[in-house]
Amino acid sequence: MANRYEHVADDLRRLITTGALSVGERLPAEQELASRYKVSTPTLRNALEVLQSEGLVEKRHGSGNFIRRPGQRITYANDRHEAGRSPVPGVAVSVSLETALVKADAQLSLLLAVRAGSPLAEYAFTSHQGTSPRSLARVYVPHAVARLGVPDANESPWGDSVRQLLFGAGVRVTATAERVTARFPTAGEAQTLHISTRAPVLAVERTSTDASDRVVEAALLVLPGDRTEALFTKRSVTQEVGAAG
């Protein structure tokens with residue numbers, strides 16, 4: 001027997017798919033919707049989280065819940081650096097970049113094989129399709145490897161422009177290892193990506209090494225499961241795919 005939140009989700013889904021609720025339209029306040037469906041606010045939020053996980057509703061913190069415009073899925077492909085390939089994912093996205101100087105925490109010290117507290121350059125890329133966030137990518141380069149500037153252009157949401165900076169600094173990437181897991185987003189990731197904390201994401205942990213096996217770059221990517229896909233087509237890149245428990 002269906003739970004009450006499933007009945008609410010079913011009715012809202014029907015209103016969305018039939019066009020009774022328009023793309024971009026703001027849903028009534030959660031308390032008003034809960035009263036309309038004669039359910040508790042937590043039950044109503046469970047229904048909305050179902051629709052958020054399906055990509056039908058987008059929660060904008062501080063603004064409310066909105067009917068989301070269906071978007072094309074963008075592809076994260078491991079062979080995008082091969083000759084003749086484009087690092088751009090094939091969907092029109094805009095990419096913003098923030099840079100910072102940070103110190104390696106426990107996770108980054110392991111990824112980059114540096115001491116905890118070592119200085120790192122952080123490049124944080126956020127991609128959007130229209131007003132809808134599509135992905136997050138944080139790329140880290142140890143100062144011991146190179147002191148890099150800011151990329152001139154950010155066409156790729158995956159931080160590929162940092163690799164171009166490394167190349168310009170004389171650092172050659174010879175191998176890349178990528179580990180992909182499925183998990184739920186952190187509260188901060190969910191807020192930035194306008195998704196529920198119960199909407200699965202693909203988390204990509206990427207490390208790049210030079211000819212001496214020194215780690216020259218590490219990246220942490222968060223890709224919402226309803227709008228991105230990971231495509232691995234060559235075995236020249238180390239691949240480990242799993243699901244986080």
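**Figure 1. Helix H5 and the glycine that follows this helix in the predicted model.** Gly170 lies just after H5 and adopts a positive phi of about 85 degrees. Within H5, the buried residues are Asp160, Ser161, Val162, Arg163 and Leu166. The cover over these buried residues includes strands E5 and E6, strand E7 (175-183), strand E8 (201-209) and strand E9.

**Figure 2. Surroundings of Leu165 in helix H5.** Leu165 has a relative accessibility of 22% and therefore counts as partly exposed; the cut-off for a buried residue is under 20%. When neighbours within four places in sequence are left aside, Leu165 is in contact with Tyr123, Leu148, Gly149, Val150 and Pro151. Leu120 is separated from Leu165 by 45 residues in sequence, and the C-alpha atoms of the two residues are 15 Å apart in space.

**Figure 3. The largest nonpolar core, with 24 residues.** The members that touch the most other members are Tyr123, Phe125, Val145, Leu148, Val162, Leu166 and Leu221. Two or more residues each are given to this core by strand E3 (74-77), strand E5 (119-129), strand E6 (132-142), helix H5 (160-168) and strand E9 (215-224). E9 supplies the largest share, four residues. A second core, separate from this one, has 16 residues, among them Val8, Ala9, Leu27 and Leu33. In soluble globular proteins, nonpolar side chains tend to be buried together.

**Figure 4. Contacts of the core residue Leu148.** Residues up to four places away in sequence are not counted in this view. On that basis, Leu148 touches Tyr123, Val141, Val162, Leu165, Leu166 and Ala169. Of these partners, Val162 and Leu166 are buried residues of H5, whereas Leu165 is a partly exposed residue.

**Figure 5. Packing of helix H1 (residues 4-17) against helix H3 (residues 41-53).** Two packed helices are described by the angle between their axes and the distance between the axes. For H1 and H3, the angle is about 50 degrees and the axes are 8 Å apart. The two helices are therefore oblique to each other, and their crossing is right-handed. H1 contributes Arg4, Tyr5, Val8, Ala9, Leu12, Arg13 and Ile16 to the contact, while H3 contributes Thr43, Leu44, Asn46, Ala47, Leu48, Val50 and Leu51. By class, the residues of this contact comprise ten nonpolar, two polar and two charged. Val8 and Ala9, which H1 brings to the contact, are also members of the second core.

**Figure 6. Packing of helix H2 (residues 30-37) against helix H3.** The axes of H2 and H3 lie 9 Å apart and form an angle of about 100 degrees. H2 is therefore roughly perpendicular to H3. On the H2 side, the contact involves Glu30, Gln31, Leu33 and Ala34; these residues meet Thr41, Leu44, Arg45 and Leu48 of H3. The classes represented are four nonpolar, two polar and two charged residues. Leu44 and Leu48 of H3 take part in this contact and also in the contact with H1.

**Figure 7. Lys38 and Asp213, two non-glycine residues with positive phi.** Most residues other than glycine have a negative phi, and most peptide bonds are trans. Lys38, in the loop between H2 and H3, has a positive phi of about 55 degrees. With a relative accessible area of 65%, Lys38 is exposed. Asp213 is located in the loop between E8 and E9, and its phi is near 65 degrees. Asp213 is likewise exposed, with a relative accessible area of 64%.

**Figure 8. Ala190 in helix H6 (residues 187-193).** The relative accessibility of Ala190 is 2%, so this residue counts as buried. Apart from residues up to four places away in sequence, Ala190 touches Pro185, Ile195, Ser196 and Thr197. Val222 is 32 residues from Ala190 in sequence, with a C-alpha to C-alpha distance of 10.0 Å in space.

**Figure 9. The protein chain from which the close-up views are taken, with six helices and eleven strands.** The chain has 245 residues, of which 43% count as buried. Along the principal axes, its C-alpha atoms fill a box of roughly 65 × 40 × 30 Å. Among contacts between residues at least 6 apart in sequence, 63% join residues at least 24 apart.

Definitions and conventions: Residues are numbered from 1 along each chain as its sequence is written. This is a predicted model: local features need pLDDT of at least 70, side-chain atom pairs count only at pLDDT 80 or more; totals for chains, interfaces and linings use all residues. Side-chain values use heavy atoms; hydrogens and water are left out. A nonpolar core is a set of buried Ala, Val, Leu, Ile, Met, Phe, Trp, Tyr and Cys residues joined through side-chain atoms within 4.5 Å. Buried means under 20% relative accessible area, exposed over 50%, partly exposed in between (1.4 Å probe, protein chains only). Contact means heavy atoms within 4.5 Å. Axes are lines fitted to C-alpha atoms, for helices over the stretch in contact, and angles run from 0 to 180 degrees between N-to-C directions. Angles under 35 degrees count as roughly parallel, over 145 as roughly antiparallel, 65 to 115 as roughly perpendicular and the rest as oblique. A crossing is left-handed if the near helix is turned anticlockwise from the far one by less than a right angle, and right-handed if clockwise. Ala, Val, Leu, Ile, Met, Phe, Trp, Tyr, Cys and Pro count as nonpolar, Asp, Glu, Lys and Arg as charged, and the others, Gly among them, as polar.
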